[in-house]
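This report describes one protein structure in running text, with a short table. Please keep the sequence and the 3D view open while reading.

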Amino acid sequence: MKILFVVTAFYPEQAIGSVRVTKLAKYLHRHGAELTIISLTPPPWAVSDDSLYFPELKSIDWVTIDQSAFFNKVFTKMRMATIGSKPASGIIKNSDSHQKLKIAVKERLQFLYTFLKAIDWAFQIRRYAKTKLKHQNFDAIFTSYPSLASPLSGLMLKKMGISNTLAVDFRDPISYHGGGSLSIRRRLELIFLQSANIFSFASEGVKEMVMHGVRVSSSCRFKYLTLNNGFDPEDQSSLDQDAMPFDSSSSFKIVYTGALYGGKRDVSDFFSALSMIIENTEFGVSDFEIHYAGLEGKFFLNVANQYGLSELVTDHGSISRVESLRLQKIADLCLLATWNTSSNQGILTGKIFEFFMLRKPILALVSGDLAHSEVKEVIERVGAGYCYEQAEPEKFQAMVDWLKICITEKFQLGEVSNNYQESVQDFNFEKLSVNLHNLFLSEIRTCSSVGL
């Protein structure tokens, strides 16, 4: 089976999208697929993650294609002058109305930039395909959103006859709030839904948001599956014990790695629970360490300070993915935060699967007005820990009690119990890739039977 990957995020760029796509390519290749990969030349602000490299990449036909010289000279230069090397998603959203207006304008300008960038790269791909791929025919084209450039390029290649089968992988919805017929984001989403044969979704919630309001008639032929982010057990080989970021002391170590989105990922309930435990039990401040890694250390410290716990926090700043994994490996408890609202559900951050790989106890905090989140369902299914949802405040004490049990186990037994179930292997990238491989095979057989 010949599959053409046309993706923007790929090794060596450090990004959750790069992890997902690179790992899928790695295990699809090992499963026997013949891959050709076209990826975007990493932008000037990109950070490298050499741990994503896999030896088989040497035997894969892989090329990187940059934006056009004109785009880089005008728009990339303008982007660097405006927000520098920071990722656009790193802009923290403040709450006052004046800042909200400025952010709304910046978001629209960023979308315009992204859209122009997608069109520019798609034409670069078209130019390349006319000379390098004109005599080739692929069983399938695999694309992944975000960004728009990947599925847009895949659609163009399908129209050129490079393949009859187009797969669009949605790591996020294009239009989070649905939107009417005038929504550009939703119209683009519908174009991809109408043009592709195969869809994969990073979570059930993403699937629901993308497919919202889409009528699937008996004559409409496409296949889809929920393809979560996952973990690669081979990543553990890079976690050398000698390179651990802090010593393995007897204190109870809590680790949070990643973004807070200016408080949209709300960790205040954790600090409230921990302060109650310190105040009402024999455990004292000196028994705990809290480690943060990411770009919002100041914000994290401010939340901790509200509960008198800022002295426990060590801010490691922005670190590599491998350093983040090393930090998590020594943790007694990994802290996870996300949200679940009526307009934005099913957010499964990639960090949760790193915790799964390391078999670390997880305390998940879900803000928002909806209970029974997908995060909670997944954590309970694999026995990974406890999930507290703000939509059910009456369960706050249960979270405190669970946290107290973890702390007691640490000091009495030397470690927190590992209650993971075998079902955690459902999130192994090797198994996920087999599921995707089988979906491709099913679609290829369907195309053959109808003479496409």
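The text goes from the whole chain to one enclosed helix, then to backbone features and single residues.

**The chain as a whole**

The model is predicted. Its protein chain has 13 helices and 13 strands. Of the 452 residues in the chain, 52% are buried. Among contacts in the chain with a separation of 6 or more, 78% are between residues 24 or more positions apart. The chain exposes about 20,400 Å², and carbon and sulfur atoms supply 51% of that area.

**Helix H10 and its surroundings**

Helix H10 spans residues 351-358. Eight of its eight residues are buried, so H10 is largely enclosed by the rest of the structure. These buried residues are Lys 351, Ile 352, Phe 353, Glu 354, Phe 355, Phe 356, Met 357 and Leu 358. The cover over them includes strands S8 (252-257), S11 (333-339) and S12, together with helices H9 (321-330) and H11.

The packing of H9 against H10 can be described further. Their axes come within 10 Å and cross at roughly 55 degrees. This angle makes H9 oblique to H10, and the crossing is right-handed. On the H9 side, the residues that meet H10 are Arg 321, Ser 324, Leu 325, Gln 328 and Lys 329. On the H10 side they are Lys 351, Glu 354, Phe 355, Met 357 and Leu 358. By class, this contact of H9 with H10 has four nonpolar, two polar and four charged residues. Lys 351 and Glu 354 thus appear among the residues that meet H9 and also among the buried residues of H10.

**Backbone features**

Most residues other than glycine have a negative phi, and most peptide bonds are trans. Which residues here have a positive phi without being glycine? Arg 359 is one, with a phi of about 55 degrees. His 372 is another, with a phi near 60 degrees.

Arg 359 follows H10 and sits in the loop between that helix and strand S12 (362-367). With a relative accessible area of 25%, Arg 359 is partly exposed, whereas the eight residues of H10 are buried. His 372 is in the loop between S12 and helix H11 (374-382). At 62% relative accessibility, His 372 counts as exposed. S12 and H11, which border the loop of His 372, are both included in the cover of H10.

Cis peptide bonds are found at two Tyr-Pro steps. One joins Tyr 11 and Pro 12, with omega about 10 degrees. Pro 12 belongs to the loop between strand S1 (2-7) and helix H1 (16-30). The other joins Tyr 145 and Pro 146, with omega about -5 degrees. Pro 146 belongs to the loop between strand S4 (140-145) and helix H4 (149-159); Tyr 145 is thus the end residue of S4.

**Three single residues**

The table gives the relative accessibility of three residues from other parts of the chain.

| Residue | Relative accessibility | Class |
|---|---|---|
| Arg 126 | 30% | partly exposed |
| Phe 271 | 0% | buried |
| Thr 165 | 2% | buried |

Arg 126 is part of helix H3 (residues 97-132). Leaving aside neighbours within four places in sequence, Arg 126 is in contact with Met 156 and Met 160. Arg 126 and Leu 157 are 31 residues apart in sequence, and their C-alpha atoms are 6.9 Å apart in space.

Where does Phe 271 lie, and what does it touch? Phe 271 lies in helix H7 (residues 268-280). Beyond neighbours within four places in sequence, Phe 271 is in contact with Ile 290, Phe 300, Val 303, Ala 304, Tyr 307 and Leu 309. Ser 310 is 39 residues from Phe 271 along the chain, with 9.8 Å between their C-alpha atoms.

Thr 165 is in the loop between H4 and strand S5 (166-170). Although placed in a loop, Thr 165 counts as buried at 2% relative accessibility. Not counting residues up to four places away in sequence, Thr 165 touches Asp 139, Ala 140, Ile 141, Asn 197, Ile 198, Glu 443 and Cys 447.

Definitions and conventions:
Residues numbered from 1 in each chain as written. Predicted model: local features only at pLDDT ≥ 70, side-chain atom pairs only at ≥ 80, totals over all residues. Heavy atoms only, no water. Helix = DSSP H or I, 4+ residues; strand = E, 2+ residues; numbered from the N terminus. Buried < 20%, exposed > 50% of the residue type's maximum accessible area, 1.4 Å probe, protein only. Contact = heavy atoms within 4.5 Å. Areas by Shrake-Rupley, 256 points an atom, 1.4 Å probe, with all protein chains shown as cover. Axes fitted to C-alpha atoms, helices over the stretch in contact; angles between N-to-C directions. Parallel < 35°, antiparallel > 145°, perpendicular 65-115°, else oblique. Left-handed = near helix turned anticlockwise from the far one by under 90°. Nonpolar A, V, L, I, M, F, W, Y, C, P; charged D, E, K, R; others polar.
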